[in-house]
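User: I would like to go through this model with attention to the criteria behind each value. Please begin with the surface.

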Amino acid sequence: KNDSLKSITYQKVKGAGTKANPYLIYDGNDMNEINYYLQLGNDFTGKYFKVAPGVTTIDLSLKELSYTALGSRETFFNGNFNGNNATFILNIDKENEDNQGIFKTLGENALVENITINGIVKGLSYVGSLTGRNLGTIRNINNYATIIGLHNDVGGIVGYNEGVITNVFNYGPVKAAGSFVGGIAGQSYQT
């Protein structure tokens, strides 16, 4: 794990992963690189990511990216992610899969902030523009994307929430065939 985490610093994404020198995100390839290391079991606890200055759009809808929500059932994103007020464009169509959004699940140590989201996210259950499930902290998110869930726990920002959500706004339609559906969170046990 440590070797893999070290290699992201030197080979792929610029930055040191610290608050003063975060890993810089320039495009969808960098987002896929984060997912690669999450799949290896690195949850990025204590690491910092930031959309690079001057980058206004991260287009995750490009076919050649084959973008999938970041993380896995075993490894949740637990880092700090500052979208730097960039717009993320999604085209996720995984109607037979749970935990859809930019992230699958945000862990208890995660902080994700300063993102605008456009496009469409379609999944089974636990579907939101930012994340399917949130156990961490989310703030300063604006969603304009269409969110479609074919079952339960579907929300404009997060499908299922046990974390903290502040200063978020949903302007996109949210559609679901099941229960626990909401503009911000489909189901929430926190604030």
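User: Which residues form a nonpolar patch on the surface?

Analyst: This is a predicted model, in which local features need pLDDT of at least 70 and side-chain atom pairs count only at pLDDT 80 or more, while totals for chains, interfaces and linings use all residues. Residues are numbered from 1 along each chain as its sequence is written, and side-chain values use heavy atoms, with hydrogens and water left out. A patch takes residues with over 30% relative accessible area and no salt bridge, joining nonpolar side chains (Val, Leu, Ile, Met, Phe, Trp, Tyr) within 5 Å and like charges within 9 Å. With about 330 Å² of accessible area together (Shrake-Rupley method, 1.4 Å probe, only the protein chains shown counting as cover), the patch consists of Tyr144, Phe169 and Tyr171.

User: Which side chains meet in a salt bridge?

Analyst: The structure holds one salt bridge, defined as a side-chain nitrogen of Lys or Arg within 4 Å of a carboxyl oxygen of Asp or Glu. At 2.7 Å, N to O, the partners are Glu113 and Arg139.

User: Is Glu113 buried or exposed?

Analyst: Buried means under 20% relative accessible area, exposed means over 50%, and partly exposed lies in between (1.4 Å probe, protein chains only). Arg139, at 31%, is therefore partly exposed. Glu113 has a relative accessible area of 13%, so Glu113 counts as buried.
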